[in-house]
Amino acid sequence: MRQRNCSSVRASMDFSGPLNAVSVSHSQKLIAVGGRDVLKIVSLEPTGFVEKKNLRSAKSNLNFSTNDIRWHPQSDSVLATAATNGFLVLWDVQHKLQKREYKAHDRAVNRICWHPTDPNLLLSASQDGLIKLWDQRNKGIPTTVFHQQKSESVRDVKFHVFEDTKFAAAFENGSVEIWDLRNHKQPETKFTAHQGHILSLDWHPTKGRVIATGSRDRSVKIWDLSDASKPFTSQTIALIANAGRIQWRPDYADHIATSSSITDSRINVWDVQRPFVPLACLHGHADIVSDFQWFDTPLGPPSFGPSDAVGGDYDGYRYWQHVLACSKDKTLKLHSLADAIKPHQSMHSVALAMNISGHVVSSHDDIDRSCASLLIHQHESSLNPLFSVSNKSLTMQHPPRKVKSAANLAPSIPRIPSFKGVATKRNVSSGSLPNANSYSVTSEASALSSAHPESSAGVPQALIHASSFENSMSAEQLKNMLDDPTTTSSSLCLAGEEMRPQTFGFNQQVFTFLAQTYELHGPSFHAICAHNARAAAVAGCMHLSKTWIILEILYEKRTNATSHKELAPPSNGTTEAQQGGPAHGNQTSTLLAQLDEVNPMHGVEAYPYDEAKELMVASPKSQTYGKSADVSRIQDILLKELLEYYSEAGDVQSCTTISAAMSYVTSIETLMGKGWLQQVYMHYIDLLHQLQLYSVANDMVKNCPDVGIKQMNMKATTIYTSCSKCTKAIEALPPKIAKVAKKALCSNCFNVTVCALCELPVSGLYAWCPVCSHGGHLDHMHDWFATEQLCPTGCSHVCAPYMFLRS
């Protein structure tokens, strides 16, 4: 046995085996500890823990492990213990004798609970799925057995704080049952609280219709039972491990402590009104905490007599700012909230986040870093200095920074004219600051200043600024701009650079617009590149627009050749001067300059091209087929590095569309490899399917140069439809009937397919619900489901989710 003092630990005691349960007597003077080969009574004195009695030394058969232990709620001399072999033992602690010994259950007893008002009644919950009520005046016979068919193992049981005829039980199937002692046949209330085992529960100390449950699904839920038929969750606390034990802090309505039975060896104290960050973390155990209890300042020295026989110092009484915990590391420790780690003291007051759609949110909050929310009181204990709290830092509160208006924070965010800026004030902490109403301000600092003049009314609770980096125009607006004949190239460049900034992340509007407007197959390669450059400029993607222009210039000579696979040498003895040799050199220099400007191949060294040297060496007689082949090789190298750049950047749309367009002038499969080509096509097609761009995806499959991708459209596709009259499957009509019939007929009842709205025969485009088989003309269905959810025939089926109609 040795004393320790580390972290939040004020006192510690070692035992011979792992501990499973701890209980504090009614007078807070004695502590019972049980575990494997351990069953002792200790007290907490100024020097630390002191052993008072060892119940294992009594003449009794205790060859089992203590699973739970509970003091009598009205006496310091009666103790109940539950064992893993199913036995329930009542102890006379003063004389170290067993008052009663019951073979209570066939399997391990998980939890026991004394009745809050009747000193003779005791509940036991077992792994065998039974809950039994025991009367210590009866010898070995349970008064009542609470059991349902196919009941799961019971992990915890607690009597109601205010209604002594009711108790709650937690089961391994995730359900909670509320029972009445007067009805043992069925529970009064039963509901599913968690998806995993419920390991612990606890009634709220002041709110009679509130109960907390802790589960293996790593969450603690606060349930409101005001309506017994429909319990609902008022708050949920997410943990990093399961909730092995939970317990409300007495006299503090919003504080609850949790511990885990795996991984986490800390005890966390939470505020249910702010459940995201714990108020305090009690460290000091080397293994998991198996059980804990809130510990108040004792009123007098330890005694086995009546609890009211000794008066004491009332300083520190009812503060409940200490926790007594036992652990699998064979130790019993006293923790103090005053010495605990307070995570909110090290929290950042500024946060920044960005999602895949290009939305950026920044938050600024002046956090109350004092311990006011923990409600820790400073006092000097005259009976036991272990309970004294004199840390001056507990009352220290950092002065808030003077933020006179939201405009002070606007310059800290880079202002982009076309971004959408919103600042919102929220009540994100439960401190003493008053609640604030929401307001919004523009991204202009001047507007912020005028909307919120300087004042000393107080600092905003939190300032949240949201900016959108995505294109502010929809795909339809971009299409209208592309089709506008008055839009010039210069206006597109200006609009792309100023009105629509370069997008960050994934922009669905731009992706959809480019997928629908890109031309990948046309009369000429030049027309394809020119159109795609214009479309990219309209979308505000100027880097993509310049890329298409560069590709058009880069492969200009090759597209003029008679073959796409090999270049023919100059014929008829034409000279370089006749073919524009110097012009070609200037054009190459301009091309390389534009490549450096766009810089898609970031980190690649500049290409060694010397214009003067090339002109001096070049001559009419030296223009040969080999030189043309060298230019072709350089072109393919440039194209390969361009595709690798977009591939590494994750731009699957650019990789696929460039590959499809460049198939006119070169073999992408030879250049990049068959595996790379199949991957980019498959990823792009899958993304198009997710966005329901089926026509574009089908076109990509149809025109893909890879045979494996093309076979996707060659597989048989079956669409099952049913007749709206007889509900039978519509099959192909016999050839004789098909020649005569001009309308769609059912092969079973031979009825004409009729529109559900106009009741006329349907021919042409037809839309139907695959569930109820009703439908009609595409335009009629589109107009109906634009505002309605149910089937137009009155069959009461909700067809809207199945009718994905787009104009």
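Colleague: Which residues does UniProt list for "repeat: WD"?
Modeller: That one comes from an unreviewed UniProt entry, and such annotations may be inferred rather than shown by experiment, with positions given in the numbering used here and feature names shortened. The stretches listed for "repeat: WD" are residues 102-135 and 191-233.

Colleague: Before we go on, what kind of model is this?
Modeller: Residues are numbered from 1 along each chain as its sequence is written, and side-chain values use heavy atoms, with hydrogens and water left out. Local features need pLDDT of at least 70 and side-chain atom pairs count only at pLDDT 80 or more, while totals for chains, interfaces and linings use all residues, since the model is predicted.

Colleague: Over residues 102-135, how far apart are the end C-alpha atoms?
Modeller: Helices (H or I, at least four residues) and strands (E, at least two) are DSSP runs, numbered from the N terminus. By that count the chain over residues 102-135 is 0% helix and 56% strand, and its end C-alpha atoms are apart by 11 Å.

Colleague: Which strands sit at the edges of the sheet β6-β7-β8-β9?
Modeller: Two strands pair if DSSP finds at least two bridges between them. In that order, 4 strands form an open sheet with antiparallel pairing. Pairing on one side only marks the edge strands, β6 (66-71) and β9 (97-103).

Colleague: And in β7, which residue stands opposite W71?
Modeller: β6 and β7 (residues 78-83) run antiparallel and are joined by 5 bridges. Opposite W71 in β7 stands L79.

Colleague: Why is one side of β1 and of β26 left without a neighbour in the sheet?
Modeller: The open sheet here has 4 strands in the order β1-β28-β27-β26, with antiparallel pairing. β1 (9-14) and β26 (289-295) stand at its edges, so one side of each has no neighbour, the reason being a single partner strand.

Colleague: What does C326 stand opposite in β28?
Modeller: Strands β27 (residues 322-327) and β28 (residues 331-336) run antiparallel, joined by 5 bridges. C326 has as its opposite residue in β28 L332.

Colleague: How many residues are in the hairpin joining β4 to β5?
Modeller: β4 (residues 38-45) and β5 (residues 48-54) run antiparallel with 6 bridges. E45 has G48 as its bridge partner in β5. The hairpin joins the strands through 2 residues.

Colleague: Is N384 buried or exposed?
Modeller: N384 is found in the loop between β30 (359-365) and β31 (420-425). It touches L44, E45 and P46, leaving aside residues up to four places away in sequence, where contact means heavy atoms within 4.5 Å. Buried means under 20% relative accessible area, exposed over 50%, partly exposed in between (1.4 Å probe, protein chains only). At 5% relative accessibility, N384 therefore counts as buried.

Colleague: Then why does E172 count as buried?
Modeller: E172 lies in the loop between β15 (166-171) and β16 (175-180). Its contacts, not counting residues up to four places away in sequence, are Q127, E152, S153, R155, G196, H197 and I198. E172 counts as buried because its relative accessibility is 14%.

Colleague: What span should helix α5 have?
Modeller: The expected span of a helix is 1.5 Å times one less than its number of residues. α5 (residues 525-538) has 14 residues, and its end C-alpha atoms are 20 Å apart, which agrees with the expected 20 Å.

Colleague: Just after α5, which residue takes a positive phi?
Modeller: Within α5, the buried residues include F525, I528 and C529. Just after the helix, the positive phi of about 85 degrees belongs to G540.
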